[in-house]
Amino acid sequence: MTSPSDAARFGWLTPDVLSIAAGALLAAVAPFERFDYVARGLTASALADDAPSAQVLLVTASPEALRDGLCERSLPGLLERGRARGALLVPPADAFCSGDARAPATGAAPAVRLPPGLLRLSAGEVVGFFPLTSEARAAELGALGVSAAPWVIKKAPQSVPAVSLRDLADGQVPANALAGRVAVVAVGSGGVPPQAVATSALPPAKGVAAVLGGLLDGGRRASAPAWAPALVVLLAGGFVWLARRRYGSLVATTALFLATFALAAGQSALAARVEASLLPLPSTLFGLAIAFAGVMILRGLGVQRAVDRAAELIQRAALFRMQGVHTLRDEEFWPRVARLAEQAHPADLVLVAELPAGSWHLRFWNDRHDGESLVAERRHDVRRPPYSSEQGVPAVRLARRFLTKQDMPAVVVPLIAFGEIEGYVFFCGPVAEATFSREPERAENVGRELALLLRRKRLARTAEAGAGEARAGHTPTDDLVEGARVALDDLQLFGSMLRNAPVGLLYADAFGDVRFVAPEFAKWLRARGVTVPAESASAALPPGSLTLGDVLGATSAGSAEVSLSSVMASDEGIELSVSAPEPAVLSVRPLRRESDGSSWIAGYVAALIPVKQPAPVSGNVRPLAARDATDPLCAFQLGDVVADAVASAARATGRAVRLEPIRGATHALGHRGELAQVLEAFLTDVASRGLPGHGPVVSVREAPQGVQLSILDVGFGLGLPESALQRVLTAPGAAPAGLEPLGRLILAVEDSHGQAELKTNDGWGITLTVTLLRAHPRVGAAVHEGGKPAAQQNVIAIGRANPK
């Protein structure tokens with residue numbers, strides 16, 4: 001397995017980097033040798049020099065002159081008189097010019113035949129010369145300046161001077177035109193004007209003269225070293241990668257074209273000045289294409305996978321995110337508007353009506369029924385009563401005989417936003433009529449807010465439809481953008497919630513950096529001397545500007561480090577009491593995430609809850625303890641509570657606690673949670689103190705006074721006489737040491753409107769009897785739909801009565 005250090009060391013080997021390296025390697029290897037050869041020849045030919053050549057003279061002879069022996073008779077003398085460097089005889093002229101004869105005197109200009117394998121051709125043109133080591137006339141060719149040159153920046157054909165052999169022999173052209181030059185003797189057409197002599201030469205004479213002229217003028221060129229194309233691909237690939245990383249695909253493609261243009265321009269500039277400078281252009285471009293494909297395609301595949309994954313996550317989170325009004329289907333949107341209206345205005349029945357765009361006729365919706373079937377008025381034209389007044393003005397009004405139930409009135413509320421009718425809401429029934437007559441402004445307020453809601457939905461739908469037409473298609477990327485927009489809306493709503501919360505709220509990320517803080521919390525922090533940065537529009541703070549340690553350090557509960565470690569160690573969090581500037585409770589709780597059997601802290605949430613000070617009381621008055629709102633007075637089965645308490649006491653003490661068979665339904669009234677807690681504590685205390693074999697005996701039964709709970713052998717368990725226990729009945733809140741569980745039980749019974757008493761059983765111990773109020777559940781007889789009693793009159797259904 002790879003160690004973390006190795007992973008960090010080789011972390012830069014991403015697919016992008018590997019593709020660029022692969023492209024550089026291919027360019028160095030140059031797999032397209034044949035195409036590279038042709039490209040080098042074309043490059044050398046494209047850079048032909050237009051300056052006139054002072055090293056080469058093209059001499060053409062017509063076939064008739066060659067057959068007459070003109071070349072054989074006059075060429076040696078012309079070369080000697082003109083002090084020429086020598087002559088290169090191009091086939092088939094070499095057969096008529098005595099190229100095999102040696103010069104009679106030492107130092108005479110040689111006339112050398114052109115060997116058949118000397119020329120290097122590319123695309124049908126002469127581009128250079130092959131090595132001369134195996135040729136018999138290597139010395140003579142070397143004297144003419146012909147040497148191995150793979151590619152030559154040749155002279156342009158029009159820049160090589162050309163004369164006719166006939167003109168030289170007849171003296172029409174001075175013989176000194178050959179001074180210091182190599183005469184390339186070739187077959188040409190006869191009878192052409194002097195300016196057309198160069199073009200009259202037969203191939204490959206023109207190419208030989210051009211290449212030889214370029215070679216003698218320093219135009220020798222060779223292949224660049226293997227590292228040169230690799231370096232080019234690395235630089236160009238890095239340029240494209242940087243453009244793709246920072247600016248996107250379009251800029252990266254532009255960078256590729258710029259790199260290709262720079263490669264072509266750089267090749268031309270180098271080839272014109274440096275000898276070993278001809279790059280294998282096809283292989284280099286192929287390597288650059290590999291690098292570009294890796295940077296773009298691999299990155300694009302990664303982005304596409306990310307888009308698909310994000311779209312999947314957004315789809316999975318759709319059930320848990322807050323949904324915009326314009327994203328709901330009409331079948332879901334309008335019933336939800338009806339439910340909202342029903343919550344805002346009392347009514348027996350609520351109908352909402354949609355006014356489609358460009359129409360005057362309403363479409364009705366209802367949460368539970370078919371809205372159209374409930375309306376007796378069938379025209380649904382908003383220009384007519386009851387939707388408008390007799391003058392055609394829409395206004396809130398009370399309408400009768402509007403529904404199919406003629407006796408049910410309806411309050412008609414037009415939903416008007418910025419002067420436009422968005423729809424209608426109808427509050428039906430006597431309850432709605434009474435509320436409207438008592439509070440007419442209530443219907444107006446509800447109508448105004450619902451109209452703004454409908455307008456927002458209509459405008460958002462219109463904008464979304466226009467954007468859809470502009471896109472002319474829907475892709476997964478659009479889903480991702482839409483999901484991100486919804487997430488941003490949720491985040492803005494979350495920020496608005498923080499800013500307008502009635503209590504101080506705060507959220508910190510997993511690093512302890514506070515990211516959201518409500519104004520109330522920020523005000524408290526500033527009062528404690530903590531610097532709080534200004535919030536952004538979304539109530540978000542930048543990381544590091546405020547830490548959770550700073551918040552905890554502002555309390556009076558000790559150091560920040562200890563408090564933060566306490567928060568980390570507790571799933572329920574901690575609560576810290578603070579006194580200044582106002583008494584409050586600071587509650588801090590970690591937010592944990594679970595995966596693969598492990599959990600970690602993903603963030604922290606804190607709330608600053610103000611604490612109201614109780615009014616001062618006299619010193620001789622004991623204040624009543626505040627009761628938990630989660631344990632209200634309710635009806636419950638006392639037998640179930642007692643059975644659970646007996647089982648818990650037996651497990652805690654390891655001693656037998658006997659429970660007599662429960663007689664009756666034992667429905668009692670009281671605070672169940674408090675009674676269960678104190679009864680378990682009392683039985684545990686009595687059982688742990690009792691003698692072996694003398695554990696308490698518990699019974700529950702229905703009695704005329706109420707539901708009774710009896711606990712026998714209380715005296716044996718507590719080890720006290722009846723007189724000492726009676727004192728607890730009188731003052732249960734100030735029970736003597738050791739009798740606190742009994743005092744708490746008596747207080748709980750009294751809080752539940754019950755009573756407790758102690759009785760002596762003629763030497764058989766002391767019995768504690770608790771009597772609670774009996775709860776009477778509602779009983780209704782089972783009936784048929786017609787209202788008649790069911791056949792079995794001795795069976796009754798216990799439960800909630802029919803509200804009707």
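How many bridges join strand E2 (residues 86–89) to E3? In this predicted model, 3 bridges join the two strands, which run parallel to each other. Strands E2 and E3 belong to one open sheet, and a second open sheet is built from strands that include E25 and E27. The points below take up the parallel sheet, then the mixed one, and finally the surroundings of a single proline, Pro346.

**The parallel sheet**

- This open sheet consists of 5 strands in the order E3-E2-E8-E1-E7, and the pairing among them is parallel.
- Strand E3 (111–113) and strand E7 (162–164) stand at the edges with a single partner strand each, so one side of each has no neighbour in the sheet.
- On average, and with direction ignored, neighbouring strands of this sheet are turned by 25° against each other.
- Where E2 pairs with E3, Leu88 stands opposite Val112 in E3.
- Helix H9 (residues 205–216) packs on this sheet and touches strand E1 (56–61), E2 and strand E8 (182–187), while the direction of H9 makes about 170° with that of E8.

**The mixed sheet**

- Another 5 strands form an open sheet in the order E22-E24-E25-E27-E26, and here the pairing is mixed.
- The edge strands are strand E22 (658–659) and strand E26 (755–760), each of which pairs on one side only.
- Within this sheet, strand E25 (residues 706–712) and strand E27 (residues 766–772) are paired over 5 bridges in the antiparallel sense, and Leu709 stands opposite Val770 in E27.
- Helix H21 (residues 638–653) packs on the sheet, where it touches E22, strand E24 (697–703), E25 and E27, and the direction of H21 makes about 180° with that of E24.
- Helix H25 (residues 740–751) also packs on the sheet, touching E26 and E27, and its direction makes about 25° with that of E27.

**Pro346 and its surroundings**

- Pro346 lies in the loop that runs between helix H13 (330–344) and strand E11 (349–354).
- The relative accessibility of Pro346 is 27%, and this residue therefore counts as partly exposed, a class that lies between buried, under 20%, and exposed, over 50%.
- When its neighbours within four places in sequence are left aside, Pro346 is in contact with Val431, Ala432, Thr435 and Arg442.
- One of these residues, Thr435, is 89 residues away from Pro346 along the chain, and the C-alpha atoms of the two are separated by 7.0 Å.

Terms used. Residues numbered from 1 in each chain as written. Predicted model: local features only at pLDDT ≥ 70, side-chain atom pairs only at ≥ 80, totals over all residues. Heavy atoms only, no water. Pairing = 2+ DSSP bridges. Helix = DSSP H or I, 4+ residues; strand = E, 2+ residues; numbered from the N terminus. Contact = heavy atoms within 4.5 Å. Axes fitted to C-alpha atoms, helices over the stretch in contact; angles between N-to-C directions. Buried < 20%, exposed > 50% of the residue type's maximum accessible area, 1.4 Å probe, protein only.
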